[in-house]
Structures are given as C-alpha cells and as structure tokens.
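This report describes one protein chain for a reader who has not met it before. It begins with a single residue and then widens to the chain as a whole.

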Amino acid sequence: ENLLDDLLNFAATPKGLLFLQRTGAINECVTFMFNRYAKKLQISRHKKFGYGVLVTQVASTAAGAIALQSSGFINALITELWANLECGRDDVRVTHPRSTPVDPIDRSCQKSFLGLVNLLSYPAVYELVGNQDLPNKAEYSLREVPTCVIDIIDRLIILNS
C-alpha cells in the first residue's frame, strides 16, 4: 500500500503520469485510488491534492481514462451524481418537498457534476464515448440508474439528435 500510495503521487504531474503508463502501473494505482475513494479515505499521507485534481490529471490521457473506467471510478462518479440529482443531499431533512431549482444546477449536485465534467477531457471522451451509439429509449423505469457516460448524457439531454 505504501508503494502504491507513493506511485500515485507520480500521477500528479504529466511526466509522472507518463512514467506510470510506460511501466504499466497505472491500472494498479488507479484501482488503489478508487478503493481509497470508495472508503472515503484521505488520498495520500501528504495530501498535497485531492481526488478531483488527480482524477482530472489521470483522465487527460487515453490510458488513464481506460484505467478509471475499468477500476469503477467513473461508474462511482456517475452513480453519485445521479443520486444527488434524484434524491438530493442526505443531510437535508425532508419536511417539505424541494422546489424546482431556478439555478442552472442545484447546489447539492454541483460538486459531483463538476467532478464528472473535469474528468471529461478530449482523450477521455474519445475513449469512453467514441464509436458508441447513444441509446434512444422513450422512457426509463425509476429503478434504472445510469452507469456510464453515455447513459448520463442520454438522461440529462432532453432532445436527441
């Protein structure tokens, strides 16, 4: 764990990220990062940066985007965003139904939405969305939760092509 934690610090710089890709350690490091994220643990002993910065840096390359997808990190971000969109925050007491927000994005969803948007650089979008057709369903059941970038795009965009 200490070795993976130290290797993960390399991903904070472009040169270090290239080193991780060339040695093949990027998948292990991203999986380690996701496991710490899922357990709500601190990213590093030194904590010079957070998960958002590191995920954005890793997703700036095609290999990093694939590693994030295979580790389950992207799925977790999309699930968190969808839960915030559908249910709101857990710390808000539900005594009155929420009114329709007037802001472009509700404050309870802003952090998870920005986390997903920061992840979607050109190489990441190409790897995660390229050569795939958008689903064209007329309606979804309440139990269907989006699990990938294509699903969340399909749910959030009202008009199709």
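In this predicted model, Val117 has a relative accessibility of 39%. That value lies between the limits of 20% and 50%, so Val117 counts as partly exposed. Val117 is located in helix α7, which spans residues 107-119.

Val117 also belongs to a nonpolar surface patch of about 400 Å², together with Phe113, Leu114, Leu156 and Ile157. Helix α7 is the main contributor to this nonpolar patch, supplying three residues.

A contrasting case is Asn84, a residue of helix α6 (residues 73-87). Asn84 counts as buried because its relative accessibility is 15%, and buried means under 20%. Apart from neighbours within four places in sequence, Asn84 is in contact with Ser108, Cys109 and Ser112.

The two residues are set side by side below.

| Residue | Helix | Relative accessibility | Class |
|---|---|---|---|
| Val117 | α7 | 39% | partly exposed |
| Asn84 | α6 | 15% | buried |

Burial can also be followed along helix α4 (residues 51-58), where the buried residues are Tyr51, Leu54, Val55, Gln57 and Val58. These residues lie on the same side of α4, because they cover an arc of only 160° around the axis.

Turning to the whole chain, there are nine helices and zero strands. The chain has 161 residues, of which 33% count as buried. About 10,800 Å² is exposed by the chain, and carbon and sulfur atoms supply 55% of that area. Among contacts between residues at least 6 apart in sequence, 61% join residues at least 24 apart.

Methods:
Residues are numbered from 1 along each chain as its sequence is written. This is a predicted model: local features need pLDDT of at least 70, side-chain atom pairs count only at pLDDT 80 or more; totals for chains, interfaces and linings use all residues. Side-chain values use heavy atoms; hydrogens and water are left out. Buried means under 20% relative accessible area, exposed over 50%, partly exposed in between (1.4 Å probe, protein chains only). Helices (H or I, at least four residues) and strands (E, at least two) are DSSP runs, numbered from the N terminus. The arc is that of the directions from the helix axis to the C-beta atoms. Contact means heavy atoms within 4.5 Å. Patches are made of residues with over 30% relative accessible area and no salt bridge: like charges are joined within 9 Å, nonpolar side chains (Val, Leu, Ile, Met, Phe, Trp, Tyr) within 5 Å. Accessible areas come from the Shrake-Rupley method with a 1.4 Å probe; for residues, only the protein chains shown count as cover. A salt bridge is a side-chain nitrogen of Lys or Arg within 4 Å of a carboxyl oxygen of Asp or Glu.
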